[in-house]
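Trainee: I've got a new structure open and I'm not sure where to look. Could you walk me through some of it?

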Amino acid sequence: MELFLQAAVNGVVLGLVYALIALGLSFIWGVMDVVNLAHAEFLMLSMYATYWLWALGRIEPALAVPIVLPLFFVFGWLTYRLLIRHILRASTAAQIFATFGLLFVLRYSAFAAFGPNVYGIWQQGLGGSVSILGTFIATARLVAAGVALAAFGVLWLFLQRTKPGKALQAAAQDRTVALALGIPVERMFALAWGIGISSVALAGIALSPFYQVSPTIGDAFLLIAFASVVLGGFGRVDGALVGGLAIGLLESILGTLISPTFKLLFVFGIFVLMLLFRPEGLLGQAR
Amino acid sequence: MSRITRRRFLRYSGAGLASLALTDQLAAALAAQEGQVTVGAVYPLTGGLARIGVAIRQGIELAAEIVNSNMSDLTLPLAAGTGLPRLGSRPIRLVWADTRGDPATGRAEAERLIDRERVVALIGAYQSAVTATASLAAEAKGIPFLNPESSSPRLTDRGFKWFFRTGPHDITFTKLFFDMMEELKQRRGARISRIALLSEDTEFGATAAGVAKGYAEIHKYTIAANEYYTSPPSSLTAELLRIRAANPDAIIGANYLVDAVMIVRTLKEMRWFPQGFMVHAGFTTVPDFLSTVGRDGFYFLPRAPWALGMGKGKPLVSRVNELYKKKHGSDMDEVNARAFTGMLTLADAINRAGSTAPAAIAGALRETNIPGSQLIMPWQGIEFDNKGQNRHAAGVLTQILDNDYKVVWPFDVAESQLVWPVPPWDRR
């Protein structure tokens, strides 16, 4: 029972972190139907940014937020202006190749800049672990889970309660009508990229205190982010939350109780079943 | 401008090549006349591995120098007296060939050394893949091939008659962990019976785990848990939770650097640590590992083929290293220490053969019996089994103590006291 409880608590925390990583992917997907295969590379780069701020300037990850987020907002905006804009009306294959190419450019730029070495932050305010219901959970992970919930909340408020948020939704629903209503669709899309990329940068910052960075670290998260989005429901922001949580719990509970060797098998087995029997995802509505 | 016609170019280059070939032959003939014994060395001297290849070259040259000159104050084979005494004190001459780290080049170069340089034996070639092809050339032509430093277990499983390996392979490293635990039980009364394995799931980790299971069976340990994961992992909590629940006395890990960092952090979060945690690699990547995890990385037990710190328990190591350092300005490392030992082993066999006939040298190699006291390695000696593998090849266990990798086992060459059981997190 104690083992189950520990696995469940771990699963919730892990799931929220996965959800935060998937958030930006899901958001961009939802707004303009573009699958960003380079998503996890932005995660990797933001982890490097957080690491270097800490290593060179002793800036704690929490204080890195106001520096890294605007930087990655601009990064996302520019990615849209310089690359994505040109492939928006191209075939799905062209879109896949373009973002796949972006993945390699970003990954090998990191290789060139930082080498294959592994870096990690090891002295910061969030050391140690706290006890919940007799189980242990690292403070840094708990904070990351909290950040994830907050990020979902803020994005939800932005979309529902602000004018740009509503305009963004309109642009996502129908480009032509939105244009006719005077909504600057181009700018809305660039905004969506800025938000999507800065949210994955936030995930990178939240991961940094307990996860190390190397140029290929995106591999550990890209598939999981995709699975979260698909499991929760394509292109729905709350879908990423539900999907991420589901994967974290599945992985942690089945992995701990049955066999961790097969934890990804459990996750992707259910993923395949989902695609077969409920392709619209847990929260999606059949089209 | 250019006056060189095609015909003239061909004539000159033809003549040049012919004279080059002649000088080669001449040098080989001269060497034989002067009574030098020619040994071929095949290593990556240029390309990505050049730094290692050059260090190996310096180690092998030091070994040849010790044989050729009189250094009776060292207790190494053939250090006393000059040259090879049973061959009328003839000196050893080394001919070098560059593999560029490429298996095909390695084989071609080995063939060239055998055919053109008339080498009596070959030594090489660092990378397992190149050793595999270069030794193929030696096997085909009936020339002894001595390999000091490749670690693929398969090399000595090919049924070759002319292939010998002085150094350890990947399986022998696992044996170290069990030998150490056995000795801990006997000497210190440690209670170790349950082992957990935590491995990444490709060739490296799967082989290591398979071998560990075999040794556990021989020594009657229970495998309390055996977990694999895909590297890089997004999380190792499920794996380590299961391992903790199985309550093992010790863990053996085969992990990469990224995984190693995650293991340390997850264990700390769980506020749990077994009596001892022995590891193959990952934890030894200097300086990345410690600069990433800091003090939390202490007490792990990485294996190593050789460590300079052995010199505290074995003065011969420091003596040889001083000689090396005087020449090259840097310390010996685990690779060229193995190469150095390989070269001495080969010289010892040629001497005992009393002849430069390849068959006699191979026969002498098979009868090699160098005691551990005459080696700079942490081995009980050098004796080849019928596959050509040195049955005493082993390594040392280091422990990460005070930000350094200290040799802690075998106990007679240890520089620091082995900490076992490891103190819990809150008492570090």
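What follows is a chat about a few strands and helices of chain B.

Mentor: Sure, and keep in mind that this is a predicted model.

Trainee: Let's start with strand E3 of chain B: which of its residues are buried?

Mentor: Take residues 121-124 and look at both faces of the strand, since each face is covered. On one side sit B:Ala121 and B:Ile123, and on the other B:Leu122 and B:Gly124. The buried ones are therefore B:Ala121, B:Leu122, B:Ile123 and B:Gly124, going by the cut-off of 20 or more other C-beta atoms within 10 Å.

Trainee: Which residue of E3(B) stands opposite B:Ala41?

Mentor: Look for strand E1, residues 37-43 of chain B, which runs parallel to E3(B) and is joined to it by 4 bridges. Opposite B:Ala41, in E3(B), you'll find B:Ile123.

Trainee: And what is the hand of the crossover from E3(B) to E4(B)?

Mentor: Strand E4 of chain B, residues 145-147, pairs with E3(B) in the parallel sense over 2 bridges. In that pairing, B:Leu122 stands opposite B:Phe145. Between the two strands the chain passes through helix H4, residues 128-141 of chain B, and this β-α-β crossover is right-handed.

Trainee: Now helix H3 of chain B: how far apart are its end C-alpha atoms?

Mentor: Work out what to expect: H3(B) covers residues 103-115, so its 13 residues at 1.5 Å a residue should span 18 Å. The model agrees with that, with the end C-alpha atoms apart by 19 Å.

Trainee: Within what arc do the buried residues of H3(B) fall?

Mentor: The buried residues are B:Gly106, B:Arg107, B:Glu109, B:Ala110, B:Leu113 and B:Ile114. Look down the helix axis and you'll see that they line one face of H3(B), because they fall within an arc of 165°.

Trainee: What covers those buried residues, and which residues are exposed on the other side?

Mentor: The cover for the buried residues of H3(B) includes E1, strand E2 (92-98), E3 and H4 of chain B. On the other side of H3(B), the exposed residues are B:Ala104 and B:Asp115.

Trainee: Last one: which are the edge strands of the open sheet with 7 strands?

Mentor: In chain B the order is E7-E6-E8-E9-E10-E13-E14, with mixed pairing. An edge strand pairs on one side only, which here picks out E7 (222-229) and E14 (404-409) of chain B.

Definitions and conventions:
Residues are numbered from 1 along each chain as its sequence is written. Chains are lettered from A and ligands numbered from 1 in the order in which they are written. This is a predicted model: local features need pLDDT of at least 70, side-chain atom pairs count only at pLDDT 80 or more; totals for chains, interfaces and linings use all residues. A residue is buried if 20 or more other C-beta atoms lie within 10 Å of its own, exposed if 12 or fewer, and partly exposed in between; C-beta atoms are placed from the backbone. Two strands pair if DSSP finds at least two bridges between them. A crossover is right-handed if, with the strands pointing away from the viewer, the path from the first strand over the helix to the second runs clockwise. The expected span of a helix is 1.5 Å times one less than its number of residues. The arc is that of the directions from the helix axis to the C-beta atoms. Two residues are in contact if their C-beta atoms, placed from the backbone, lie within 7 Å.
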